[in-house]
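This report is written for a reader who is meeting the structure for the first time. Please look over the sequence and the model before reading on.

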Amino acid sequence: MTQSIPKTTKQWNVTGEDGTDSLKFTEQAVPEFGDSQVLVKIHGASLNYRDIVVSEGKFPWDSRLGVVPGSDGAGVVLAVGKHVTRFQPGDKVVTMLNPALIAGTFTSQLTRFGLGAALDGTFRSVGTFDEQGLVLMPEGLTFTEAATLSCAGVTAWNALFGLPGKRVSAGDWVLTQGTGGVSVFAVQFAKAVGARVIATTSSREKAKLLERLGADRIINYNETPEWGSKAKELTGGVGVDYVVDVAGPATMAQSVASIKLDGVLVVMGAVGASGETKEMPDLLSCWMNQFTARGIWAGTRLQMEDMCRAIEGNIDKLRPVVDPKVFKLEQLKEAYDYLLSGKHQGKVCIEIA
């Protein structure tokens, strides 16, 4: 059943480089959509540290003042342009972080197409999107659950399965860090293919979530600062096959200490970059320890579609973890602050009426 097209949209815009003080909430006319675009009523969105960096003017790639922030969203198609073939009104869809990255490798040209940085994003009630930058929403998910897939979900999928010849498989040891979005998805995806997971965390409360997700071993990094050596010990001294590193400077040395010969270290974030920077391994560490280091930024649309099919086929095991504290669109600044606090477990989400 199609919905009527509203005349206005409520939205946030980034008007400066002062963090949440730069976020401005207004009501504007619904944007016109082009021949290859889709008009979407957004019902759910989720936050990433990337959104905070954009609001602070520190995003390393293309961004612009006035942009509607947010890369992650899910909603219902209201109308389509005359050249659109992939969707029709009434379809439930999820956004892609980079609508131009369909398949293949990342190129410098693709930095111009980041949703919520260079292109208007999802922290609004109605928006237009290129049809190539949307995928069908998995059946059985809520809009907020589906919104978590655009960045964290596909990043975790790419981290584990995106390197040909070295994809995570049954029996492998995977090390994850914390209970943020990417890490939680990585635990779920790894367990779904029969891998064994060692997860680090900062508290017993967060450890309970990791236990529910099936983590085989849990290390409290506050109690065990040398958790890399501990992780290697838990594998019988061999080391882990895969490390999913989301914290960067704060964790890199311990990640290297945990990995086995011919293992894979995937780096996709620097949420631990604030404060004093610890000594980090250099490229010679790859040679000395014989591991592959791989940097990634989200994933392709083909990877996103593969992931969505996997989730739909294993909905009980792979249902996205949404933090119990869900915000309204008008509370976006509070949601940013909550994400920064580090108190969340899973994804911080926005419900949009």
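## A nonpolar patch on the surface

A nonpolar patch, as the word is used here, is made of residues with over 30% relative accessible area and no salt bridge, whose nonpolar side chains are joined within 5 Å. In this predicted model, Tyr49, Val271 and Leu340 make such a patch on the surface, with an area of about 250 Å².

Val271, one of the members of this patch, is placed in the loop between strand S12 and helix H8 (284-289). Because its relative accessibility is 41%, Val271 counts as partly exposed.

## Two nonpolar cores

In soluble globular proteins, nonpolar side chains tend to be buried together. The largest nonpolar core of this model holds 51 residues, and among these Leu160, Phe189, Met304 and Met307 touch the most other members. Helix H3, which spans residues 149-161, gives the most to this core, with 9 residues. A second core, separate from the largest one, has 31 residues, including Ile42, Leu115, Phe129 and Tyr336.

When residues up to four places away in sequence are not counted, Met307 touches Leu149, Gly153, Val154, Trp157 and Phe189.

## Two residues with positive phi

Asp262, although it is not a glycine, has a positive phi of about 70 degrees, and this residue is found in strand S12, which covers residues 259-267.

Ala298, which is likewise not a glycine, has a positive phi of about 55 degrees, and its place is in the loop between strand S13 (292-295) and helix H9 (301-313). Ala298 counts as buried because its relative accessibility is 7%, and buried means under 20%.

Technical notes. Residues numbered from 1 in each chain as written. Predicted model: local features only at pLDDT ≥ 70, side-chain atom pairs only at ≥ 80, totals over all residues. Heavy atoms only, no water. Core = buried A, V, L, I, M, F, W, Y, C linked by side-chain atoms within 4.5 Å. Buried < 20%, exposed > 50% of the residue type's maximum accessible area, 1.4 Å probe, protein only. Helix = DSSP H or I, 4+ residues; strand = E, 2+ residues; numbered from the N terminus. Contact = heavy atoms within 4.5 Å. Patch = residues over 30% accessible without salt bridge, like charges linked within 9 Å, V, L, I, M, F, W, Y side chains within 5 Å. Areas by Shrake-Rupley, 256 points an atom, 1.4 Å probe, with all protein chains shown as cover. Salt bridge = Lys/Arg side-chain N within 4 Å of Asp/Glu carboxyl O.
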